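Me: I am new to this one and would like a friendly tour. Could we go through it step by step?

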Amino acid sequence: MKLLIVLAVILFILAIHQLLKVIEFAREIRKTKEWEPTDSENDLMGTLMLLFGISFIGLFFYQINRWYDKSLPDAASEHGKHIDDLLFWNLILISFIFVVVNALLFYFAYKYRGNKNRKAVYYADNSKLEMLWTVIPASALAFIIIFGLKYWNEITAPSEEKNPVIVELYAKQFDWTARYPGKDGKLGTTDFRHIEGSNPVGLDTTDKSGFDDLLVKNEFHIPVGKEVVFYFRSRDVIHSAFMPHFRAQMNCVPGMVTTFKFKPTKTTKEMRQDPYVQNLMKQINEQRAKEGKEPVEFDYVLLCNKICGASHYNMQMKIVVETEQEFKEWLNQQKAFKTLATK
Amino acid sequence: MATIATNIELHNHEVEHVDIHRYEEHEESFITKYVFSQDHKMIARQYLITAMVMAVIAMIMSIVFRLQLAWPGEKFAFINWVMGDKWGKDGILDPNAYLALVTMHGTIMVFFLLTGGLSGTFSNLLIPYQIGARDMASPFINMLSYWFFLVSSVIMVISLFLPDGAASPGWTIYPPLSALPEAMPGSGLGMDLWLVSMALFIASALMGGLNYIITVINYRTKGMKMTRLPLTVWAFLITAIIGLLSFPVLLSCALLLLSDRLLGTSFYLSDIYIGGRPLDYSGGSPILFEHLFWFLGHPEVYIVLLPALGITSEIIANVSRKPIFGYRAMIGSMLAIAFLSFIVWGHHMYVTGMNPFLGSVFVFTTLLIAIPSAVKAFNYLTTLWKGNIQYTPAALFSIGLVSSFVTGGVTGIILADSTLDITFHDTYFVVGHFHIVMGLSAIFGMFAGVYHWFPKLYLRMMNKKLGYIHFWLTFISAYGVFFPMHFLGTAGVPRRYYTNSEFPMFDALYDINVVITISAIIGALAQGIFIFNFFYSMFRGPKAPQNPWKANGLEWTNPVANIHGNWSGELPTVHRWAYDYSKPGYEDDFVPQTVPLKEGEIDGGGHH
């Protein structure tokens, strides 16, 4: 069998070799400038350019139609709505530029395809035109910059809430720990030198404000309609706390405490009732059924979004958004650090 | 006054005389001609072939991880064949090997193909040819530049075969992941070799860049004013200046990381508990690394892109048989882009914990770059407008570049906006964006350059029809790979995930990854056509005439031969800019730069 394959390959190479010889011989005879495109080739390439342009723009809309209902649901946080609005108008703007410029490009490529009987127009400069396409992008950008920075300043401003919910997300390879401040409302101080089995986030055992801190694994809860201020830390490498449904993301950097705040606007239950989410989950579960996997319900999730090692792709934690009442009940069931540590 | 002028002319004449002798005196041995060559043309060829080898390696890597991403957990004999039993047991890719592959794919493509390969090939080939010089200012340093590049490439390739694998923390090598061997297998010896290789690479880039700058400034032939330079040379000059200013910062960035790794310093490290124990590092900051890295990293984008833009400016004018529209605006926008490229690096760091106010400054500077970029795109369009486009393969790839530059450029507007970057940072939207705007544009420019200047490289012509097939397969499959990635991004899929199947929220996107992978395979196979065409034409292609594309540049005024010293007699004298195509008053639709101006004729595209 192997011999046959080798023989076939050798024969194939020989055939190609002979074919090339014929072509080269023919070339010698014709003495054409075969590298120069002929008019018919220019026609063909120009037409292909036009066809490409049409299909390219057509496929752009096809892709939107096929995949838009698989993208993230509407933001489930207050500032996230601003981000969505801004994104919408930005997408409209760039789609417009994308379609118009590509359409012009491929149309010109077709329309001005080479022909032996034509001569190009000698047209080297026009300062008015150049001014035009300096000013237009500049004014479009002014709009983007002004709105972008307005929201950015709001999102990154320090919290003005009197009693925000405080959550610390602590990252390590390859899981998350959430920490709540407990009854005193203060997170206890930490030091990485204190880390050990019963003290996974390195709480300072002499700092009383840390005794009532609540440490939570696997899933964490936040209340709807209240501002949540997050603090992020990491013990080993850079991770990134990405909560896409809330349009929230911040890196977790060893040696630093970073922060982000948002106000959730929909509970997990409400999201599960949302028609868009239901349609999305239907598609997800259809695909899962094909792969022989269990169906799932919608859940908010925290992902790691900065390459952090072998299991980066599976560093996650479930987020539950619920009413303030439910949240308080859940919080009461969690164990304080001191009871954890003395065990 | 007159005597001074004569003296200078005499002096010039003497220099010229000595110059010719320098190149004609001795017969060359095989070693000095093909191996340790100091001839810019041979060095260009060496760069090109080395970069092609590296690119094929990086391309095969991408196919391996694309198979994994489209069909996670499936067994592929191909994966086992490439990765061996250790990293591809039973044909399933190992997660650590996946990270090594994406890291090395990025490193090789960005640095070895699109920086070393693109600038190294075309700056070396075209600067002396197009400015009318006999060689680079320092041929010896030019030779060293190539050999540093080769050694650096070899070290990078060797690191692939280490027992713990190559460097794997992503091509941006953020510490602490890249600093601590405990963090991942790829942060062992593989990372050291990566840093050593990169240090040599930087040395190579600096030696090359210095030469390009000095040559352009000092070695232009008589009449070749700066305002008569082809845009290729302007692009190479500006690229070299950017490289000269930014690569040293990457070197210090890499050396500090090496020092943290090997000498126990704490430049980038603090408060770390890993491998079951606290480490002694204190006071360093990974954010410092990010600042240093992106201070090169962002200008690097333009180091990659500008040569491609220069090449296509030249080619689009030539194939449209029209002057490039807005020659001075093109130079101005390149200078503006170069300047701005140094004050935008923070847009890679909006959500790293950097001060948000600093973020807003970077939003402003970053979006400003859109203005010169838009000017360039519209100038390309206007150059094509009312042209007489001759569809050579180089023309196709140049038009491809304009499309990818615009398509990838507009998504940059989204990512430059810190508010929107909160959701798009490190998602596939970013991967789609930079692959189209930087990867595709640069590689299209490089292909265009190879097809166009192949006669100057190998004195033969490449096959046009194979070029056509190569272009269309590449163009279609390239968009097939990178366009759908934006939709993964809007669904929130993070990059550098070994598989998306651990998150049910991504399950409905299954078909996108299949489309991407199938396109990638077609695109990779299409490169086989190019490689065949390249090597076949090198030996068997039709012999090139002196000026096959009816072009204006000086590179088409010398005989079709590899003359050491480029012109057999005196150097040509330049009388006009490089873009007098279809000029009224001339019978031919091109006027070479060596043709004197007629009485009353205005140079540089001016009108009466």
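**A walk through the model**

Reply: Happy to help, and we can begin inside a sheet: A241(A) stands opposite C304(A), a residue of β9(A). Please keep in mind that this is a predicted model.

Me: In which sense do β6(A) and β9(A) pair?
Reply: Strands of a sheet pair through backbone hydrogen bonds, either parallel or antiparallel. Two bridges link β6(A) and β9(A), and their sense is antiparallel.

Me: What is the order of the five strands in that open sheet of chain A?
Reply: The pairing in this sheet is mixed. β4 (219-223) and β7 of chain A stand at the edges with a single partner strand each, so one side of each has no neighbour in the sheet. From one strand to the next, the twist averages 25°. The order in chain A is β4-β10-β9-β6-β7.

Me: Which residue of β10(A) stands opposite I222(A)?
Reply: β4(A) and β10(A) pair in the parallel sense, over five bridges. Opposite I222(A), in β10(A), stands V321(A).

Me: And what is the bridge partner of L302(A) in β10(A)?
Reply: Here the strands are β9(A) and β10(A), which pair in the antiparallel sense over four bridges. In β10(A), L302(A) has as its bridge partner M317(A).

Me: Which side chains along β10(A) are buried?
Reply: In a regular strand the side chains alternate between the two faces of the sheet. Along β10(A), Q316(A), K318(A), V320(A) and E322(A) point to one face and are not buried. Pointing to the other face, and buried, are M317(A), I319(A) and V321(A).

Me: At about what angle to β4(A) does helix α7 of chain A run?
Reply: Helix α7 covers residues 324-333 and lies across β4 and β10 of chain A. Its angle to β4(A) is about 140°.

Me: Is F230(A) buried or exposed?
Reply: F230(A) lies in strand β5 (residues 228-234) of chain A. Leaving aside neighbours within four places in sequence, its contacts are V167(A), L169(A), T259(A), F260(A) and K261(A). A residue needs 20 or more C-beta neighbours within 10 Å to be buried. F230(A) has 22 inside 10 Å and therefore counts as buried.

Me: What radius of gyration does chain A have?
Reply: Chain A has eight helices and 10 strands, and its C-alpha atoms fill a box of roughly 95 × 70 × 40 Å along the principal axes. A compact globule of 343 residues would have a radius of gyration near 20 Å. For chain A the value is 31 Å.

Me: Which element supplies the largest share of the side of chain A that touches chain B?
Reply: The contact takes 97 residues from chain A and 105 residues from chain B. Elements of chain A that each supply at least two residues include α1 (2-30), α2 (39-67) and α3 (78-111). The residues on the side of chain A divide into 56 nonpolar, 25 polar and 16 charged. The largest share, 16 residues, comes from α4(A).

Me: How are α15(B) and α16(B) oriented to each other?
Reply: The axes of helix α15 (residues 428-458) and helix α16 (residues 464-482) of chain B come within 11 Å and cross at roughly 170°. By class, their contact has five nonpolar, three polar and no charged residues. Angles over 145 degrees count as roughly antiparallel. The two helices α15(B) and α16(B) are therefore roughly antiparallel.

Technical notes. Residues are numbered from 1 along each chain as its sequence is written. Chains are lettered from A and ligands numbered from 1 in the order in which they are written. This is a predicted model: local features need pLDDT of at least 70, side-chain atom pairs count only at pLDDT 80 or more; totals for chains, interfaces and linings use all residues. A residue is buried if 20 or more other C-beta atoms lie within 10 Å of its own, exposed if 12 or fewer, and partly exposed in between; C-beta atoms are placed from the backbone. Two residues are in contact if their C-beta atoms, placed from the backbone, lie within 7 Å. Axes are lines fitted to C-alpha atoms, for helices over the stretch in contact, and angles run from 0 to 180 degrees between N-to-C directions. Angles under 35 degrees count as roughly parallel, over 145 as roughly antiparallel, 65 to 115 as roughly perpendicular and the rest as oblique. Ala, Val, Leu, Ile, Met, Phe, Trp, Tyr, Cys and Pro count as nonpolar, Asp, Glu, Lys and Arg as charged, and the others, Gly among them, as polar. Two strands pair if DSSP finds at least two bridges between them. The radius of gyration is taken over C-alpha atoms; the globule rule is 2.2 Å times the number of residues to the power 0.38.
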